[in-house]
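This report describes selected features of one protein chain for a reader who is new to structural analysis. Please examine the sequence and the structure before reading on.

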Amino acid sequence: MSIIGKAIPRIESKDKVSGFAKYTNDLQSPSLLHGWLVVSPYSHAQIVSIDVSKALEVSGVQTVITGDYAPVLTGGVLADRPPLAFKKVRYFGEPIAVVVAETEQIAKRAADLIRAEFIELPVVNSPRGALQPNAPLVHENLGNYQKMGSVYPVPRTNIASQVKIRKGDMHAGWLASEVVVEATFAFNTSDHSAMEPRCSIVEVNPSGLIEIQTSTQDPFMIKRSFERFFQVEQSKVVVHVPFVGGGFGGKGSIQLEYIAYLASKACGGRPVKINNTRESDMVSSPCHIGLEAKVKIGATRDGKLMATEITFLFDTGGYSDSGPAVTQAAAVDCTGPYKIDNVWCDALCIYTNHPYANAFRGFGHTEAAFCVERTMDLLAKKLQMDPIDLRTTNVIQPGDTTPTQAPLNRSNIGDLTQCIVKLKKLIQWEEGQWLTVDRFKVRAKGMACVWKTSSSGMDTGSGATITCNQDGSLNLSVGSIEIGQGNRTIMAQILAERMKMPVEQIHVKMDVDTQITPEHWKTVASTSTMMVGRAVLNAAEDVIVQLKHNASLVLKRNPDQLEVGLGKVYVRDNPDMFLQIKQLVSGYTYPDGSASGEPVIGRGRYRIHQLSNLDPETGKGIPGHQWTVGAQAVEVEFDTRDCTYRILKAASVFDAGKVINEATSRGQVMGGMNMGLSFASREGFIYNDAGIVRNPQLRAYKLMRFGENPDYLVDFVETPFLEGPYGARGVGEHGTIGMAACLANALSLAAGCELNLLPLIPELIWRTKGGR
């Protein structure tokens, strides 16, 4: 292959580095109005009144709307969230009103004049607290909410959904277990911290057409949701998505689009823009889910895993959104990539009075892996085994089944053992896990194995269209979103490889317009390369068939005797007999002006099959079509005096099936590793007893900064996934998944204590050591 696997520069890079690229907030129009959100200062309270009279007196203010303007309930799989709080607020920062004015400055000034009166209610401040018999109910009407998918709320509780995994015989598993370890884990909700805050512009045209310009990962789901919640025909909703400045799952929810729509309706259809500040993006819009968990693992004395019992309590915040889906995703792969025949897992999606959560890079696997991989290290210590040897002994293999009893083969599971072998060399594991540097400093290594299936919806599909230019180059349109992952470059490479033409002759439409762009399920779950890539290949085959047909009429050869490549359609046995593609894209024109053939337009599609819903009582089912496996490690230097540390190296090896673009694949993995280490080492919302977020700005919410990064070491194994384009499987999220566990395992060894809470700040380590 001449293009697949090569480090092709991203096709939009010059536009981005030059500042030419346009994002949603860059879009302006003469009639544009601006909305400013008014948010709750309480995490749980009844709304007594909202006085907007002073705000309406401000010159330039068009209107102020509150929750009673449209008391509809929206949501991901469970309709439990009003666009603006109605009668009650359920988290600190929840929008209760939006001021719409001629400028953003006027709207902000008027918003400061709004006076709301509340009656504070008891606060649910943790998942375990939410399950107490006397816990306040976050949603009193939980049993009456509309369900739109596999969600199992428990009325008169704070359980938004529950997932059960039951595999094998737990009694036999524990009887066979000669060594048992058990531990608890926890971390708070946190922020996605995408570079671009969320932004939406909505205009309701006189014809009833709703035009939405928005920063989203799910434009086609927006159409469906507007139909479901506002009874607007999908044909009347057009979603435009320009460049998106990062998403990490956080832009997979629909929030500002609803509010801007209601604001536009209230202002006679004028376009309304709502652009989050960094603070509102962190706490008013959805965040990264939190977790409290308990893991118990049993094994034989030689390290063979026999049984596991797991409880996940996910903190979905005030509303469910993607929380039930994240909970299910964690449950279906709850064991990690290990063969365990006896599995019991309860995963609960629990309401609290925290900012509500949605998808985050890794989608439940980042959270679950921290707990399981920490427990694996505890087991290795108890068995006095090398942590890598324990994992290698139990690697899941073709012929095994997942916790949901989905069958595995070489194609859909890949080769984790080879990932571990490569990782050992990358991180120089054989030099030892522990090294004394000087009197006060030590170095330690920790590792983890990871896996992830896509957790796609049952109706998951993608499309692609190809049109031709008169110079023989091709235009490609796909529905996945370019959120910084290099998706458009990957698609160009796949098409160029199949057409045997330079990638420079592939022109990919960068933005998405749902009125003309082929539908794609969502740009989530590390599925775009696989799904859209297959649709692109299908469209390329359609183009090739049409080009061969047009050429066969002129060359007087059967289409089966022709080949396409290098800008030509030629006779397979006589390559000197050819026509250029540019002569055929509109049909062939003879010297006398007559013509034959038809214009060439390629259409491609792909849909995932063989998936099945999980059995509500046992969890049996097929949740995904393939798993990406990998092994990761971290090396730290730890100061025993003050419990500070430096991360020296971070390594990852993944079975990518086939690397489409060597540079972007490495970049994706490195970016994920950085995100995982930042989350593990310092990120997390700090709540007071009233459920108020104390660090809702980047001054206090610390991210890994430039200059703090370790050396990133990345390599790949390539076991082809037979259904993927050229054998590829997703790697977009996987760099994040194991980093928290790797760091905690390394620091637990270095500090001489077990670290099961995140983030791993020096104070936590010091306290865990006993404050000495």
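In this predicted model, helix H18 is mostly covered, as 12 of its 13 residues are buried. Among the buried residues are Met739, Cys742, Leu743, Asn745 and Ser748. The helix runs over residues 739-751, and at 1.5 Å a residue its 13 residues should span 18 Å; the C-alpha atoms at its ends lie 18 Å apart, which agrees with that expectation. After H18 comes Gly752, whose phi is positive, near 75 degrees.

Helix H16, formed by residues 662-681, packs with H18 at an angle of about 55 degrees, and the two axes are 8 Å apart. Because angles from 35 up to 65 degrees are neither roughly parallel nor roughly perpendicular, H16 is oblique to H18. Their crossing is right-handed. On the H16 side, the residues taking part are Met673, Gly676, Leu677, Phe679, Ala680 and Ser681, and they meet Met739, Ala740 and Leu743 in H18.

A second part of the model is an open sheet of eight strands, in the order E3-E5-E1-E12-E9-E10-E11-E23, with mixed pairing. Strand E3 (61-66) and strand E23 (512-513) stand at the edges; each has a single partner strand, so one side of each is left without a neighbour in the sheet. Helix H7, residues 256-266, packs on the sheet and touches E1, E3, E5, E9, E10 and E12. The direction of H7 makes about 35 degrees with that of E9. In general, strands of a sheet pair through backbone hydrogen bonds, either parallel or antiparallel. Strands E1 (residues 33-39) and E5 (residues 95-101) run antiparallel and are joined by six bridges. Within this pair, Val39 stands opposite Pro95 in E5.

Some details of the backbone also deserve attention. Most residues other than glycine have a negative phi, and most peptide bonds are trans. Two residues that are not glycines have a positive phi, as the table shows.

| Residue | Phi | Relative accessibility | Class |
|---|---|---|---|
| Gln231 | about 55 degrees | 62% | exposed |
| Lys500 | about 55 degrees | 41% | partly exposed |

Gln231 lies in the loop between helix H6 (219-230) and strand E11 (237-241). Lys500 lies in the loop between helix H14 (487-499) and strand E22 (506-508).

Which residues does a cis peptide bond join? The bond links Leu758 and Pro759, with omega about 0 degrees. Pro759 is placed in the loop between H18 and helix H19 (762-768).

Note on methods
Residues are numbered from 1 along each chain as its sequence is written. This is a predicted model: local features need pLDDT of at least 70, side-chain atom pairs count only at pLDDT 80 or more; totals for chains, interfaces and linings use all residues. Side-chain values use heavy atoms; hydrogens and water are left out. Helices (H or I, at least four residues) and strands (E, at least two) are DSSP runs, numbered from the N terminus. The expected span of a helix is 1.5 Å times one less than its number of residues. Buried means under 20% relative accessible area, exposed over 50%, partly exposed in between (1.4 Å probe, protein chains only). Two strands pair if DSSP finds at least two bridges between them. Contact means heavy atoms within 4.5 Å. Axes are lines fitted to C-alpha atoms, for helices over the stretch in contact, and angles run from 0 to 180 degrees between N-to-C directions. Angles under 35 degrees count as roughly parallel, over 145 as roughly antiparallel, 65 to 115 as roughly perpendicular and the rest as oblique. A crossing is left-handed if the near helix is turned anticlockwise from the far one by less than a right angle, and right-handed if clockwise.
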